[in-house]
Amino acid sequence: MHRLLPALLLLILHFTATAETVLYGIITYQNTGERVQAIQVNARGASPAITKATSDSEGVFRLVFPDRNPGDTIFLSITTRIYDLVNHPRELEVVLPDNPGEKQVRLVVCKKGERDRNAIEYYEISTRYITDSYERRQKELSREVEQLEARIGQAESNIGQLEEQLAVLEQEKDELERSYQAQLDKAWALAEDFSRIDLAQADSIYQKAFRLFTGGKIGEARAVLSAQSNLKLLWQKESEITAEAEKLAEMEAALARQRRRLEQEKEELQAGKEKEIKKLQLAAHLAELQLDFAAAESSLLSILNLDSTDVGAFSRIASLYSTLNRQADAIPYYQKALQYSRDAAQKAEVWANLGNEFRHDGRYEEAETAYEEALALFRQLAESQAGHYQEAVAATLNNLSALYLEWNAGQKAIATLTASLGICRRLANENPQRHGPALARTLSNAGNLYTAFNNPEKAEEAYREALQVRARLAKDAPQRHLEELATLRNSLGNLYWSLKDFEKAEPLFLEALEAYRRLAQDSSGRYDADLAIIHNNLGNLYRGRQEFEQSEEGFRQALTLYRRLARENPRRYEPNLASTLNNLGNLHSDTGRGQAAMEAYTEALEAYRRLSRANADRFAPGLATTLTNLGALYYAAEDYQRAATAYEEALETYRRLSAAQPGRYEPEAAAIINNLALLHLNLGEGEKVLAYLSQSRPLYRKLAEEAPAAYEAELARTFMIEAFVWLQRGAQSKANALMLEARAIAERYPEAPYSAQVFRAFNDFYRETDEPFEQALEKAAPYEKQVAERTAYADKAAPQQEIARILSEAWAAHPDNQLLKNELADASGELSAYLLFTRQFPEAEQAARRCLELGEDHAWANVPLATSLLYQGRFEEAKSIYSFWGDVWYNREQYFREVFLEYIEELEAEGISHPDAGRAREVLGR
């Protein structure tokens with residue numbers, strides 16, 4: 001976040017006779033001070049007739065505001081394809097003064113891209129100077145601040161004492177004035193009394209005073225009455241007070257001069273602090289570029305020591321902690337930045353950053369709240385400032401999408417990313433060079449999202465479009481977009497790797513590797529993490545192609561880089577180190593090096609346990625993955641007790657995570673449950689195996705409905721494991737039926753991880769010994785042919801009835817034959833459907849019920865059953881079936897509700913109707 005520029009000398013306003021306020025400004029070139037002409041200056045808040053001005057040959061521009069007054073705020077921006085405004089990234093905020101002739105707004109510009117080049121040049125030249133200057137000046141400034149604060153404190157103390165003395169003297173002066181008037185009043189009152197007194201009866205004092213008074217000797221008379229001496233005393237005191245007041249006035253004037261001087265010194269000190277802050281900002285930036293995070297942290301903390309309300313410093317140090325994966329440290333600093341943010345733009349940016357930190361810390365509800373706060377502010381800004389902040393809205397939607405993806409809220413993730421992508425496309429169409437990068441990033445995120453939701457076609461489409469956008473941008477600035485192109489190629493390579501398309505993945509990884517190597521030549525260690533990622537990915541790729549030496553070399557190179565990075569910054573890179581150790585352990589396991597695999601897994605497990613102590617939720621998935629790998633290794637070594645312990649801890653970890661994020665870890669949990677089932681199968685504990693399968697099979701059915709290609713093969717694995725149980729118990733027929741079902745699924749997905757196991761198991765354990773089944777199928781074959789050849793459903797009923805009869809007789813003779821039972825269930829269900837078209841509704845009901853009784857997975861027979869009940873006038877019974885099954889998926893494309901309606905419509909097309917059909921449509925929603 002950018003810190004607002006302090007003390008901008010740009011307020012030039014005055015009132016004209018027509019009540020217009022005029023703003024003058026000068027446009028200069030950065031660092032040279034040269035005047036720049038022919039730049040259009042735009043002002044929000046100017047007259048509708050005059051909203052812009054163009055700088056003349058002296059770089060001067062003039063804007064008129066008929067309806068604005070001094071103290072109003074306006075916003076300045078420039079329109080040019082050649083220059084960038086240096087003062088502020090978007091608009092310059094200006095408060096209109098009432099003295100336009102004394103000051104002018106100074107807009108500083110530079111050629112587009114020159115600011116970045118200058119920063120690089122500064123980086124090369126000034127690092128050492130900045131550090132030395134900062135340390136020296138910090139000491140000097142600290143001494144100056146201490147001295148100045150002492151002087152300020154002393155002066156303010158003296159002012160207070162003198163003001164207190166003056167107040168006392170002023171009070172005394174007022175009291176003496178009142179006393180003086182009272183004495184005068186008494187003197188005259190006494191004189192009046194003399195005229196009323198009988199002197200004969202008065203004492204000698206009165207007689208003497210009266211005689212002096214009547215003789216015209218008023219002063220002496222007053223002396224006799226002690227009035228004259230009191231007045232002299234009052235007059236003397238008044239003179240002294242007056243002198244003291246004049247002295248205090250002189251002191252007040254001196255103090256005022258001293259106060260003005262101190263205020264000037266404070267302004268100079270503030271200016272010095274601001275200069276020092278800028279130096280510290282630069283020092284922090286350069287330290288970060290050299291990965292000297294301790295020095296960067298020290299510089300940023302020094303800024304806060306100088307200015308404890310600096311929003312930019314709070315945000316910068318929070319960003320630094322975020323870079324170091326220190327979310328617990330970053331969040332309080334962002335919250336401080338939020339506390340001191342002065343405008344909506346600052347608050348929006350801080351909220352957005354807080355959302356990122358909460359998300360990385362696994363605090364999803366708080367992250368959602370922060371993102372929504374940021375989004376609301378950015379949208380308000382976008383509405384009030386046309387042309388601005390739309391990109392910020394898109395970026396925040398992007399972050400929300402990433403949050404929802406991690407939170408397993410798929411629909412929300414897609415909706416927010418789609419909204420973000422729409423904004424980015426519109427902006428990129430208006431200004432490809434400026435907004436193309438944001439479009440490319442959003443497309444890349446779309447690729448990640450579709451990858452996570454097992455939609456490789458859309459993921460590939462998004463990555464490819466992102467690469468096209470980056471390639472167009474790179475034509476004008478190849479070096480600038482080299483890193484982003486490398487990242488995109490790596491993402492697309494990962495997609496192809498996950499699809500086992502190694503031929504497409506390898507060149508993408510190698511191109512990304514070459515790009516990072518070129519980037520690394522000019523940056524000491526900056527791209528080591530990126531290089532490690534590519535080496536790790538290449539290791540996985542070559543492992544998939546069984547090129548084990550190249551695979552190990554990739555993992556070794558990645559580990560070398562990650563070990564060094566983890567030593568320097570363990571919180572950030574130890575997770576990557578642990579993940580690569582896991583991959584290396586997998587490779588050793590593949591190649592039969594059990595001890596080496598054990599060492600790699602153990603080191604990874606120790607790392608994840610350390611990380612989990614600091615942040616359990618964040619690193620629990622890696623911990624569970626490592627435990628699962630260890631469990632598989634122990635299982636292969638037939639150390640079933642250790643394998644079970646590892647699997648159970650991994651399963652408990654996933655269940656704990658799922659409690660906070662429902663559905664997020666179901667695939668991992670289901671796979672471990674199947675592993676535990678296999679383990680107990682080897683121990684001959686069939687009941688435990690079936691208990692575990694009763695947990696995993698519903699999970700895989702649910703997952704397979706959502707993503708068949710990803711999870712149906714795992715569902716086949718559950719059938720295979722159960723088949724093994726029945727083989728152990730000697731029930732070959734049950735085992736055969738399950739093996740057939742598993743193989744049918746595996747044949748649809750021959751490349752899936754578990755399909756090969758299913759094929760091997762089928763070849764090893766399936767037995768073609770079921771003669772009754774084969775004989776029944778042979779007898780039914782002619783009727784099967786008739787059913788296939790006839791087109792009308794009514795014509796199919798008779799041959800289908802013969803098929804059901806043949807299978808029923810065979811099964812009655814061999815009731816333990818599971819194959820015959822399943823086949824009879826299928827035949828009965830089909831017969832029920834055909835009988836509806838012959839108007840044999842009771843018989844159709846009977847056939848449907850038999851299908852449901854025989855077949856565990858024949859829920860579809862509820863359709864002919866409900867239809868037969870409807871056409872027998874038993875609407876309430878049909879309605880109960882409609883209500884229960886209506887909103888359940890019939891297949892991957894239809895709900896039961898739709899199929900119920902299709903049956904009614906097909907019967908009516910054949911002229912078979914019923915009065916309750918309309919009521920059925922109401923229940924079914926049509």
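Biologist: Two strands count as paired if DSSP finds at least two bridges between them. In what order do the strands of the open sheet with mixed pairing run?

Modeller: This is a predicted model. Its mixed sheet is open and has four strands. One link in it, between β6 and β8, has three bridges, and the cut-off for pairing is at least two. The order is β4-β1-β8-β6.

Biologist: Why is one side of β4 and of β6 left without a neighbour in that sheet?

Modeller: β4 covers residues 60-65 and β6 covers 83-85. Both stand at the edges of the sheet, so one side of each is free of a neighbour there. The reason is that each has a single partner strand.

Biologist: What is the average twist from one strand to the next in this mixed sheet?

Modeller: The sheet in question has the order β4-β1-β8-β6. From one strand to the next, its twist averages 35°.

Biologist: Which residue of β8 stands opposite leucine 85?

Modeller: Strand β8 spans residues 105-111 and runs antiparallel to β6. Three bridges join the two strands. Opposite leucine 85 stands valine 109.

Biologist: Is cysteine 110 buried or exposed?

Modeller: Buried requires a relative accessible area under 20%. For cysteine 110 the value is 0%. That is below the cut-off, so cysteine 110 is buried.

Biologist: And cysteine 424, buried or exposed?

Modeller: Its relative accessibility is 3%. The limit for buried is under 20%. Cysteine 424 therefore counts as buried.

Biologist: How many disulfides does a search of the whole structure find?

Modeller: A disulfide needs two cysteine sulfur atoms within 2.5 Å. Across the whole structure, the number found is zero.

Biologist: Now the antiparallel sheet. Which are its edge strands?

Modeller: This sheet is open, with four strands in the order β3-β2-β5-β7. An edge strand here pairs on one side only. That description fits β3 (52-54) and β7 (92-95).

Biologist: What does the twist of this sheet average from one strand to the next?

Modeller: The pairing in the sheet β3-β2-β5-β7 is antiparallel. Its twist from one strand to the next averages 30°.

Biologist: How many bridges join β2 to β5?

Modeller: β2 holds residues 40-44 and is joined to β3 by three bridges. In that pairing, asparagine 42 stands opposite lysine 52. Towards β5, valine 41 has isoleucine 78 as its bridge partner. The bridges from β2 to β5 number five.

Biologist: In β7, which residue is the bridge partner of isoleucine 74?

Modeller: Strand β5, residues 73-79, runs antiparallel to β7. Four bridges join them. The partner of isoleucine 74 is valine 94.

Biologist: Where does pLDDT stay under 50 with 18 contacts beyond four places in sequence?

Modeller: The chain averages a pLDDT of 80, and 81% of its residues score at least 70. Residues 227-231 fall below 50, with eight contacts beyond near neighbours in sequence. Where pLDDT is low, the predicted coordinates should not be read in detail. The stretch with 18 contacts is residues 179-197.

Biologist: What share of the chain's residues count as buried?

Modeller: The secondary structure comes to 34 helices and eight strands. The accessible surface is about 47800 Å², with 48% of it belonging to carbon and sulfur atoms. Of the 926 residues, the buried share is 45%.

Methods
Residues numbered from 1 in each chain as written. Predicted model: local features only at pLDDT ≥ 70, side-chain atom pairs only at ≥ 80, totals over all residues. Heavy atoms only, no water. Axes fitted to C-alpha atoms, helices over the stretch in contact; angles between N-to-C directions. pLDDT = per-residue confidence, 0-100. Contact = heavy atoms within 4.5 Å. Buried < 20%, exposed > 50% of the residue type's maximum accessible area, 1.4 Å probe, protein only. Areas by Shrake-Rupley, 256 points an atom, 1.4 Å probe, with all protein chains shown as cover.
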